[in-house]
Amino acid sequence: ADGGGAAGGEQFRVTFPSDETVRIDTVKRSNIGKASRIESNEFTYNRCFGPASTQADVFNEIDGLVQSALDGYNVCVFAYGQTGAGKTYTMEGPNAADIDAWSKGVIPRAVERIFTYADEQKERGWQFTIKCSFLEIYLEEVYDLLITTSGGSRSTTRAKLRVQQERDNSVSIPDLTVEDVHAPETVYELLRRASNVRATASTHSNIRSSRSHSVFQMWLEGRNTESAKTTAAVLNLVDLAGSERVARSGAVELQMKEAQAINRSLVALGNVIRAIAEKQAHVSFRESKLTRILEPYLGGNCKTLMFVNVSPDQADVSETLSSLRFAEKVNATEIGRATRQVSS
């Protein structure tokens with residue numbers, strides 16, 4: 001993709017030399033005379049998806065990871081990037097109220113994969129109990145996305161949920177709705193409910209900008225009727241609110257507060273990842289509600305993957321490079337080896 005011209009005479013090009021590599025070439029022209037130079041940045045990851053990639057292509061890359069949650073491994077998948085870069089499209093699709101086969105995102109596809117795999121495992125004596133929860137972190141407060149008004153809309157008097165540290169150092173959220181689900185269609189209805197109440201707003205950067213982080217969780221418990229083995233794991237699918245330059249997005253008043261809260265929590269997430277990467281003795285999970293809730297899954301016993309969404313717009317090139325550098329850091333971070341949670 002080619003970026004258009006910008007002040008100072010800059011242009012840029014995004015190319016994909018391989019399935020694992022993205023290259024950003026920025027042409028910088030002097031305001032005086034015609035001198036120019038090309039600044040190139042190349043980044044390598046597990047997989048890169050260009051504009052021609054489909055939602056199915058993206059999910060196929062993590063299909064096995066999602067499936068491993070039913071085998072007893074905790075799994076956490078993030079979508080990270082600047083506002084307007086397509087994180088919610090990646091995770092949910094364009095419209096949670098009308099989930100179609102072609103454009104549906106990671107969450108509905110993961111739900112279908114879990115139920116399909118659970119059915120396949122019945123031949124081996126496995127039976128599964130599947131439950132779901134869906135929460136958002138808005139202005140550093142935790143809210144239940146499955147609690148709506150009688151009309152299915154956002155309540156103006158929603159209860160703030162408390163994040164609680166248990167004696168075994170696990171994290172719980174008392175009063176969070178956790179619903180038994182028995183088919184993908186049951187979960188689709190939960191996604192529709194959540195979509196109606198999640199905090200969004202229109203900004204200069206995005207006509208429907210998510211103003212909160214959302215965390216969708218599937219709680220998976222299995223029992224083998226032949227061997228009496230049991231498994232327990234959680235699949236976490238996280239749509240992070242986008243990092244935001246207020247001068248660009250035009251956020252004022254409440255939207256300004258939202259942007260500041262989002263940026264602070266993303267900084268806290270970056271600090272946690274940096275501390276883990278550097279193997280620091282103390283990791284500050286308590287800096288934000290986001291990192292507190294995800295502490296069990298960032299702390300080591302989890303298979304963790306991050307999608308980083310970037311914009312091909314010339315005006316976003318600095319944020320694109322910043323996101324890609326952050327992704328490079330995440331890609332190099334070892335958080336520990338996940339262990340299968342199985343007992344007999």
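## Two helices and their lengths

In this predicted model, helix α6 covers residues 254-277, and because each of its 24 residues should add 1.5 Å along the axis, with the expected span taken as 1.5 Å times one less than the number of residues, the helix should span 34 Å; the C-alpha atoms at its ends lie 35 Å apart, which agrees. Just after α6 comes Lys279, whose phi angle is positive, at about 55 degrees.

The same reasoning can be applied to helix α9, which runs over residues 317-331: its 15 residues should span 21 Å at 1.5 Å a residue, and its end C-alpha atoms are 21 Å apart, so expectation and model agree. Which residues of α9 are buried? They are Val317, Glu319, Thr320, Leu321, Ser323, Leu324, Phe326, Ala327 and Val330. As a general point, an α-helix has 3.6 residues a turn, so residues three or four places apart point the same way. The buried residues of α9 pack against the strands β2 (11-18), β3 (21-29), β4 (36-44), β5 and β15 (303-309), and also against helix α6.

## The nonpolar cores

In soluble globular proteins, nonpolar side chains tend to be buried together. Here the largest nonpolar core holds 37 residues, and the members that touch the most others in it are Phe216, Met218, Leu235 and Leu237. At least two residues of this core come from each of α1 (55-67), β5 (75-81), α3 (106-120), β6 (126-138), α4 (184-197), β13 (213-224) and β14 (230-239). Helix α3 gives the largest share of this core, with eight residues.

Leu237 can serve as an example of how such a residue is surrounded. When residues up to four places away in sequence are not counted, Leu237 touches Val77, Met91, Val106, Ile107, Ala110, Ser214, Val215 and Phe216. Apart from this core lies another one, of 33 residues, which includes Leu161, Val163, Val238 and Phe326; Phe326 is also one of the buried residues of α9.

## Aromatic rings

How many aromatic pairs does a search of the whole structure find? The search finds four, and one of them joins Trp126 and Phe128, whose rings are stacked, with 5.9 Å from centre to centre and 20 degrees between the planes. Trp126 has a relative accessibility of 11%, and because buried means under 20%, Trp126 counts as buried.

A ring can also be met by a charged side chain, as is the case for Tyr73: Lys303 lies over the face of this ring, at 4.2 Å from the ring centre.

## Salt bridges

The count of salt bridges in the model comes to ten. One of them links Glu112 to Lys104, whose side chains meet at 2.8 Å, N to O. Is each partner buried or partly exposed? Glu112, at 23% relative accessibility, counts as partly exposed, whereas Lys104, at 12%, counts as buried. Salt bridges that share partners also join Arg23, Asp25 and Glu42 into one network.

Within that network, Asp25 forms a salt bridge with Arg23, and the closest N and O atoms of the two are 3.0 Å apart. Asp25 is buried, with a relative accessible area of 15%, while Arg23 counts as partly exposed at 29% relative accessibility. A further salt bridge joins Arg37 and Glu39, with the closest N and O atoms 3.7 Å apart, and Glu39 is partly exposed, its relative accessible area being 28%.

Notes
Residues are numbered from 1 along each chain as its sequence is written. This is a predicted model: local features need pLDDT of at least 70, side-chain atom pairs count only at pLDDT 80 or more; totals for chains, interfaces and linings use all residues. Side-chain values use heavy atoms; hydrogens and water are left out. Rings of Phe, Tyr and Trp (its six-membered ring) pair if their centres lie within 6.5 Å; planes under 30 degrees apart count as stacked, over 60 as edge-to-face and the rest as tilted. Buried means under 20% relative accessible area, exposed over 50%, partly exposed in between (1.4 Å probe, protein chains only). A charge sits over a ring if NZ of Lys or CZ of Arg is within 6 Å of the ring centre and within 35 degrees of the ring normal. A nonpolar core is a set of buried Ala, Val, Leu, Ile, Met, Phe, Trp, Tyr and Cys residues joined through side-chain atoms within 4.5 Å. Helices (H or I, at least four residues) and strands (E, at least two) are DSSP runs, numbered from the N terminus. Contact means heavy atoms within 4.5 Å. A salt bridge is a side-chain nitrogen of Lys or Arg within 4 Å of a carboxyl oxygen of Asp or Glu.
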